[in-house]
Every structure is written in structure tokens, then in C-alpha cells.
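Here is a short report on one protein fold. It starts with one pair of strands and works outward to the whole chain.

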Amino acid sequence: RVNVVEGLQSLGLVLNKRGREWVGRCPFHEDRHPSFSVSENKGLWCCFSCNAGGDLVSFLAQRKDISRVEALLLLEEMVG
């Protein structure tokens, strides 16, 4: 299993710990204030501005504009 915070950070997202959650700027729209939230315990992320969300596989699929299966294979390559 891949930690969602470590996975997102390895993809270039800058996340800062705020309480139990991690926050940052959403890569899917122009974001001046951090609206991207990551729950490390649940393994999920959500943007409260554009309503995007999901797990690490869905992030890769949206970010690279590929299917979930392709994203899963890409994630497998990334972690060995």
C-alpha cells in the first residue's frame, strides 16, 4: 500500500499538516488559497472548490487523463 500523502507529494504537490489533515493548493484549477485536503487515515483527498476527490489511483487518473486501470499500473510502476 502507498501512503496517500507520500504519493501525492512524490507527484509534486506541496502539502502542509493542519490538524489531522494535510492541505495544499488544488492542481486541477487555479487555487489561491489551499482548498485541497488530504485525509491520511482514510487514504482520500478532496478539493472543496472544484469538488474533485478520491484516492491516489483516481488522482493519477485525473491528473494524467488516463483510465483507473492505467493509473493503477502506473502506480505499480512507481512503487515497484
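Three bridges join strand 2 (residues 21-24) to strand 3 (residues 36-39), and the two run antiparallel. Strands here are DSSP runs of E with at least two residues, helices are runs of H or I with at least four, and both are numbered from the N terminus. Two strands pair if DSSP finds at least two bridges between them. V23 has S37 in strand 3 as its bridge partner.

This is a predicted model, in which local features need pLDDT of at least 70, side-chain atom pairs count only at pLDDT 80 or more, and totals for chains, interfaces and linings use all residues. Residues are numbered from 1 along each chain as its sequence is written, and side-chain values use heavy atoms, with hydrogens and water left out.

**The sheet**

Five strands make up an open sheet. Their order is 1-2-3-4-5, with antiparallel pairing. Strand 1 (16-18) and strand 5 (53-54) are the edge strands, and each pairs on one side only. Helix 2 (residues 56-64) packs on the sheet. Helix 2 touches strand 3, strand 4 (44-47) and strand 5, where contact means heavy atoms within 4.5 Å. The direction of helix 2 makes about 45 degrees with that of strand 4. For such angles, axes are lines fitted to C-alpha atoms, for helices over the stretch in contact, and values run from 0 to 180 degrees between N-to-C directions.

S37 sits in strand 3. Is S37 buried or exposed? S37 is buried, because its relative accessible area is 13%; buried means under 20%, exposed over 50%, and partly exposed in between (1.4 Å probe, protein chains only). Leaving aside residues up to four places away in sequence, S37 touches E21, W22, L44, W45, C46 and F48.

Strand 3 also joins strand 4 through four bridges, running antiparallel. Here F36 has C47 in strand 4 as its bridge partner. Strand 4 then joins strand 5 by two bridges, again antiparallel. C46 is bridged to G53 in strand 5.

In a regular strand the side chains alternate between the two faces of the sheet. Strand 4 shows this alternation: W45 and C47 point to one face and are buried. L44 and C46 point to the other face and are not buried.

**Turns and loops**

Strands 3 and 4 form a hairpin with four residues between them. Strands 4 and 5 form a hairpin with five residues between them. The table lists residues with a positive phi.

| Residue | Place | Phi |
|---|---|---|
| G43 | turn between strand 3 and strand 4 | about 75 degrees |
| N51 | turn between strand 4 and strand 5 | about 65 degrees |
| D65 | loop between helix 2 and helix 3 | about 55 degrees |

N51 is not a glycine, and neither is D65. N51 is exposed, with a relative accessible area of 67%. D65 also counts as exposed, at 72% relative accessibility.

G54 lies in strand 5. G54 touches G43, L44 and W45, not counting residues up to four places away in sequence. G54 and V4 are 50 residues apart along the chain, and their C-alpha atoms are separated by 10 Å.

**The core**

A nonpolar core is a set of buried Ala, Val, Leu, Ile, Met, Phe, Trp, Tyr and Cys residues joined through side-chain atoms within 4.5 Å. The largest one has 19 residues. Which members touch the most other members? They are L8, L15, F36, V38 and W45. Helix 1 (4-10), strand 3, strand 4, helix 2 and helix 3 (68-79) each give two or more residues to this core. Helix 2 supplies the largest share, five residues.

**The whole chain**

The protein has three helices and five strands. Along the sequence the pattern is α-β-β-β-β-β-α-α. The radius of gyration is 12 Å, close to the 12 Å from the globule rule for 80 residues, so the protein is as compact as a globular protein of that length. That radius is taken over C-alpha atoms, and the rule is 2.2 Å times the number of residues to the power 0.38. The C-alpha trace spans about 30 × 25 × 20 Å along its principal axes.

Buried residues make up 35% of the 80 residues. Among contacts with a separation of 6 or more, 26% link residues 24 or more positions apart. The protein exposes about 5400 Å², with 48% supplied by carbon and sulfur atoms. These areas come from the Shrake-Rupley method with a 1.4 Å probe; for residues, only the protein chains shown count as cover.
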